[in-house]
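Subject: Structure handover

Hello,

Please find the structure below, handed over for your own work. My notes on what was found in it follow directly after.

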Amino acid sequence: MSAGPWLQRHRRSLLFLMLLLVLGGIGASFKVPVALFPHVDFPRVEIYAQAGDRPAKRMLIAVTYPIEQAVRGIPGVVGVRSTTSRGGADFYVNFRWGENMTIATLEVQAALADLGTRLPADTQLDVRRMRPTIFRMLAYTLTSDRVSQARLRNIARYQLRPLLSAIPGVARVGVIGGRTEEYRVTVNPVRLAQYGLTVADVVRSLKESNVLKSVGHLTRHYQFYLLISDTRLRRLKDIRRTVLRSDGHGIVRLGEVASVRRALKPQWTQVVGGGQPAVSIQIYQQPGGNTLAITQAVGRALRTFRRQLPPGIQIRRWYDQATLIRAAAATVRDAVLIGALLAAAVLLLFLRNVRIMLIALVTVPTVLAATMVVLYVSHMTFNIMTLGGMAAAVGLIIDDTIVMIEHIVRRQMESPPGERHTSVARAVREFTRPLLGSSASTVVIFMPLAFLQGVTGAFFRALSLTMAASLVISFFVTWLVVPILADHLLGTGGADVERAGPVLVRLQRAYERLMQRLFRQPQWLGAGLVVLLGAGWFGFAMTGSGFMPAMDEGGFVLNYKAKPGTSLGETARLLDQVEHILMQDKAVQTFSLRTGLQLGGGITGTNEGDFYVLLKPFPRPSVWQVMARVRREVKAGVPGLEISMDQPMKDLIGDLTGSPRPIEIKLFSGNGPLLRQTAMRVARHLAAIPGVLAVRNGIVYSGNAVDIRVDRAKAALEGVSPQSVTTQLYDALNGAIATRVQRGIRMIGVRVWVPHSMRASLGAIRSLPMEAANGRLFPLREVARVRILHGQPEITRDNLKQMAAVTAHISGRSLGGVMHDVKTLLKTPGLLPPGMYFSLGGLYMQQQIAFAGLMAVFATAVGLVFLLLLFLYERFTVAGALLLTTLLSLLRSSSACG
């Protein structure tokens, strides 16, 4: 059956189908979730282990070894990396791409549970599965010059968190920063000893005085009663009046031997927003949540809540993932509008017919609307990859439309006025085969991208499926709908198509003259091809390589690290200078700061953390210029502070893949001291390579410690055990949370502590009074030696082998160019001692995996296209010539990039 009569007979139903697709696409656009990245299950599980304050080597034996052995045997595991420090160990368990990460996470948890008593009794384990939604998608700070940090934190925790958690799509709301209230009981050890009491007696009395418990039931007069023993502490006065001892000599109350007051919980982290101490509210979305909808709902909720806030509180947004999504959506919008307008201009220029121009303007939104229906049905999201795929498909959609319309117009110009229906049918029949071949060849090019593995495959899969769907829909719209519209519009009175205009005529004549000369002297064509091949090869050799395309995200993350053991106060002093630099920079809009914490949620030492710096909208210098300027000023003005900078997307992908830095040289050796010496030597040489900055030798020292070693014999003579001394030291120096008092919806801890003067220095600690079994007090120095231990290096292992990772960032050069110099450096004789070997990691490793996959995709796409051309023409020479033309175009593109 001929396509022409069939199209004429079903033109109304086909046009109505197009209308349904447009309406369905409009409806789907409001229902398809919006996110920054495609939904990707990164094959990575993190384990955090805390086991008191054991030294790193003891942690390695008691915790790290058993956990490594337990998780290494899980099916699908390809690598285990661990970092062991004093009292803590972090593990990164990497699985094969494509593994079911829900099952993999459960298997990790089961393996840890099977360890049972083989781990120390006080070991705490936390397992976290890596995916984009574990990182915040929206963040605000609460600051005030009038309201205390404790009250700001309470507002965030007990008012804002419940309000925002109720928004659909929000997984959780995190609150960091601020201060936490508590009741402080500062005891006088001498007064306690006079009454024959100890700090442990105070803790026990407070705990036993704060009781709320059901003690039974009662049935009386046909009523059922619950019997409750309620002796809760309700006020500060109740705490002071707690009875510590009652005997024939009278009653001893807490207020007689201690001061009781309201205080703030000791804090070893700091959050700053816009130069002020702040409380940070971080919103995390559920997998499949709509980022834009969540952002809008949070904004509405906060605007309503502002009216309930006490005067003087400011709420500022410092991170918004939706900004990049809006930019991607704007790009698609602009691509559609610009592409449609350019196509219309081309048609108007060459065919000079307004009605034909309208056909092109209708086709593009129709195809994109139908693509949105496919995204909705496939449970995909609008993200930077699907939106990018739609933007890239616009040109191909318009190309299909233009060539179909041009062929229809050509046949109509060649036909008598009364045979327009016949000419349209003939044009469709003639153009079906070329249109099918063109669309199929484009689709088969994108199909292999869906089978890529690794980070590249996770992202390109969404792009390839979106583009393939758009192109398939474009084929059917161009094949079925465009001829109907052309026949209808061009078949009405006054719609005659004019002959080619003067511009097209001149172009055609020039092209004819050129081709006639080349046919007469084909050697010039060969010479031109040689020039193109040479230019393409030169461009390929000179073009740098990287992992992600350069993109100004409007902000950057500044990671910093002071010397090991630096106190929170000294770190804050250094950061005040960095804050001043940022506030003086005219391109910076605002910033937030975390010390002892990270954007990714990890806990660090008091000497490190990060800034998130939000830049002003354009016009302003580029983010790379701002980062370079800040780097120079910090390096010159804040000695002793190491910094590195990345944009948020790159930082996020680095955290998800476990490759946060572009350069990573992993050195392996069983000799720890030799490994550290070599790492420092490699780092010095690496820093000399042009374009390399923020070099770290991979040797991380934990903070200094005060070692209190109890002499067993001396302790026995005093009638105490090492455990008893340790317990008394913990209560005196750390403070024991004896109980908690309810205040409204909050539970406030009651901390029992000795005066600050008794724990403020090494001399005071040595003189700290300990209590013997008979009640006699003696100073700690009589039974223990107190000395300072300097920071011990963390122990890093990769696949059960000790390793040091030398890492660095890159500026001003391509990743490929720098890594060429790095490889040359590592081949230097004598750089690595005998028996030590290395491997390369970081983003470079991810780049190599991606390039290998893309080259396989390229080869597969070339083979599929050649097969398709061979099927269409059944001649190797024709298929080879067409394919060679495309490959020469790619080489010309390489020369342009170079």
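Leu800 is partly exposed, with a relative accessible area of 29%. The model is a predicted one, and that applies to everything in this email. Leu800 sits in the loop that runs between strand 29 (795-798) and strand 30 (801-810). Its backbone deserves a look: phi is about 70 degrees, a positive value, although Leu800 is not a glycine.

A second residue belongs under this heading. Ala694 also has a positive phi without being a glycine, with a value near 50 degrees. Ala694 lies within strand 22 (residues 692-696). Its relative accessibility is 21%, and because buried means under 20%, Ala694 counts as partly exposed.

The next backbone item is a peptide bond. Phe618 and Pro619 are joined in cis, with omega at about 10 degrees. Pro619 belongs to the loop between strand 19 (608-615) and helix 19 (623-637).

On the surface, there is a nonpolar patch of about 730 Å². The residues that make it are Phe16, Leu17, Leu19, Leu20, Leu23, Ile26 and Phe30. One of them, Leu20, is located in helix 2 (residues 11-29). Is Leu20 buried, partly exposed or exposed? Its relative accessible area is 43%, so Leu20 is partly exposed. Patch members need over 30% relative accessible area, and Leu20 at 43% is therefore eligible on that count.

Now the chain as a whole. The chain has 898 residues, and buried residues make up 47% of them. Its secondary structure consists of 27 helices and 31 strands. Taken along the principal axes, the C-alpha atoms fill a box of roughly 125 × 85 × 55 Å.

How much of the contact set with a separation of 6 or more comes from residues 24 or more positions apart? The share is 77%.

The accessible surface of the chain is about 44200 Å². Carbon and sulfur atoms hold 59% of that area.

Last, the charges. The chain carries 102 positive and 55 negative charges. The mean position of the positive charges and that of the negative charges are 2 Å apart.

For a check of the backbone, the places to open are Leu800, Ala694 and the bond between Phe618 and Pro619. For the surface, the place is the nonpolar patch that includes Leu20.

Regards

Definitions and conventions. Residues numbered from 1 in each chain as written. Predicted model: local features only at pLDDT ≥ 70, side-chain atom pairs only at ≥ 80, totals over all residues. Heavy atoms only, no water. Patch = residues over 30% accessible without salt bridge, like charges linked within 9 Å, V, L, I, M, F, W, Y side chains within 5 Å. Areas by Shrake-Rupley, 256 points an atom, 1.4 Å probe, with all protein chains shown as cover. Salt bridge = Lys/Arg side-chain N within 4 Å of Asp/Glu carboxyl O. Helix = DSSP H or I, 4+ residues; strand = E, 2+ residues; numbered from the N terminus. Buried < 20%, exposed > 50% of the residue type's maximum accessible area, 1.4 Å probe, protein only. Contact = heavy atoms within 4.5 Å. Lys, Arg positive; Asp, Glu negative; His and termini not counted. Charge placed at Lys NZ, Arg CZ, Asp CG, Glu CD.
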